[in-house]
Every structure is written in C-alpha cells, then in structure tokens.
Amino acid sequence: MEKRLLRLIEEGNLNFRQEANRLVSGLMPAELGNGNAERHYKNLVIAFIAACTRAAMQGGLSPETAYLLSDKYIHGVEACTSMAELADLNDAMQEDFVRRVHEARNGVLSPQIQQCCDYIQIHVEDELNLSIVSAAIGYSASWLSSKFKRETGKSLSQYILEQRVLYAKDLIRSGNRPIQEIAERLHFKSPSHFGAVFRQQTGMSPGEYRVKGSKNKSGHVK
C-alpha cells in the first residue's frame, strides 16, 4: 500500500487523493508512540514525510524544494495540537508533493520561475517581497520581476498575496485561530487589509468563509 502511494507521488498523479482514500481504508498501522496516540500519529506522519520527500525527488522535484518542504511539514507536525490538525496537515503534505511533482514533470513554468514559486509557497509565513525572493534564489530583482510577469501573467507581489490567501484558507478551515492572528502571521498590514484582500480573491470575508466551512463539515451545506 505504501509503495503504491509513493509511486503516485513520484508520478505526480493528480488523482492521488481518490486512490489514497481507497488504499488506506481500514488500515491499522503499527504502534510508534509508546501508548501516546498523538505522539504515535506524529511519528507516523514524520516517517511518511521522509518517504514522500524521497519519492518526490525521484519524480523530478528538485532536492532543494523537496527538503525545504520536508522541513516545513515536520515543523508543522510538531506544532499540531490535535489529531484533527495532524490529519489535515498529512493530507495537505501529500497533495502538495503530488502537485509540485506534476508541475515539475510537465514543465508548466521555467525552472527559474518554478523555483521562485516554490520559495514563496514554502516561506509564505515569512516576510516576502521582490528583493527578498530574488536574493534568496540568486537572480536580479529586475530580471525576476520581468520574467515572472511574462510567464505567469501577474506580478510577483500579486502571486505572494494569492499564496497568502490560499494558506489563510487552510488555517481558517483547520482550527479556531482568531482572524487577527492569521492576518499578523501572514504579514498583512492589518486585519482590515487581510479582509479586503481575502474578499477580493474569494468573494467572502474570512469570517464568512469560516462559517461556510463549518457548515460543510457538519453536512448542512454541500
């Protein structure tokens, strides 16, 4: 079962989730936490992150990106405070690796711009701007700005905001963190600025998105 899941990641198979749900149905994994259920699950997820990292590199993802993702998700595992958070992170990790391998194998972007996008997505909680990103990946700011706009049709700053909102949606769905805390964590100027950007991209406020997500989980709304 594990070999099949890892092969799907190595292939960058976008049907990963459907196949994974079928494979893990009824699975009873070995005990890895000395009787502590949460520690046991954390250990399982960390072990699987390592396996997914290797599979992604075999599928064509650059080692730099693969190991950055691995570090990001391992730190995320240790920060989780509930089994539900761990489950959400595990799902997000697997889908993240699959999508990145798919993009690497299909040449959606040039290697330079893909590296730029990977850096922004991995460091979405850090301070980000054109100067920081260009310095981090080793290209001049003017060259990167021009090439990024040419390949993606948007400015690098627009892309950063899009990725922050995508990540904010995950944070809103996976817990009860205050909206102000999420805004600060993702370096928005203020909660109102965060709300305006979020509404522009999703058509609803962060609070409305949280209520909709709660209704979806409870089965009241499709």
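Ring pairs join Phe188, Phe194, Phe198 and Tyr209 into a cluster. The model examined here is a predicted one. Five aromatic pairs occur in the structure. One of them is formed by Phe194 and Phe198, whose geometry is edge-to-face. Their ring centres are 5.7 Å apart, and the planes meet at 65°. Both residues belong to helix H11, which covers residues 191-202. They are four residues apart there, so about one helical turn separates them. In general, an α-helix has 3.6 residues a turn, so residues three or four places apart point the same way.

Phe194 is buried, with a relative accessibility of 0%. Phe198 is buried as well, with a relative accessibility of 0%. Phe198 also pairs with Tyr209. Here the ring centres lie 5.6 Å apart and the planes stand at 70°; an angle over 60 degrees counts as edge-to-face, so this pair is classed that way. The contact connects distant parts of the chain. Phe198 sits in helix H11, whereas Tyr209 sits in helix H12, residues 206-218. The two are 11 residues apart. Tyr209 has a relative accessibility of 13% and counts as buried, because the limit is under 20%.

Helix H12 also contains Pro206. At 5% relative accessibility, Pro206 is buried. Pro191 is 15 residues away from Pro206 in sequence. In space, the C-alpha atoms of Pro206 and Pro191 are 9.8 Å apart.

Helix H9 runs over residues 156-173, a total of 18 residues. At 1.5 Å a residue, a span of 26 Å is expected for H9. Its end C-alpha atoms are 26 Å apart, so the model agrees with the expected value. The buried residues of H9 are Leu156, Tyr159, Ile160, Gln163, Arg164, Val165, Tyr167, Ala168, Leu171 and Ile172.

H9 also contributes to the largest pocket, supplying at least two residues of its lining. The volume of this pocket is about 1200 Å³. Its lining comprises 40 residues. Nearest the pocket centre lie Lys72, Tyr73, Ala92, Tyr167 and Asp170. Of these, Tyr167 is also listed among the buried residues of H9. Besides H9, at least two lining residues each come from helix H2 (16-24), helix H4 (63-79), helix H5 (83-106) and helix H6 (111-122). H5 provides the largest share, with 10 residues. By residue class, the lining consists of 18 charged, 14 nonpolar and eight polar residues.

The cysteines were examined for disulfides. A disulfide is a covalent bond between the sulfur atoms of two cysteines. The count for this model is zero. Cys117 takes part in no disulfide. The nearest cysteine sulfur to that of Cys117 belongs to Cys116, at 5.5 Å. A disulfide requires the sulfur atoms to be within 2.5 Å, so this distance does not qualify. Cys117 is buried, with 4% relative accessibility. Cys52 is likewise buried, at 0% relative accessibility.

Definitions and conventions:
Residues numbered from 1 in each chain as written. Predicted model: local features only at pLDDT ≥ 70, side-chain atom pairs only at ≥ 80, totals over all residues. Heavy atoms only, no water. Buried < 20%, exposed > 50% of the residue type's maximum accessible area, 1.4 Å probe, protein only. Expected span 1.5 Å × (residues − 1). Phe/Tyr/Trp six-rings, centres within 6.5 Å; stacked < 30°, edge-to-face > 60°. 1 Å grid on protein atoms, 1.4 Å probe; cavity = no way out; pocket = protein on both sides within 12 Å on 5 of 7 lines; lining within 4 Å. Points joined across faces, edges and corners; volume = space filled by probe spheres on them. Nonpolar A, V, L, I, M, F, W, Y, C, P; charged D, E, K, R; others polar.
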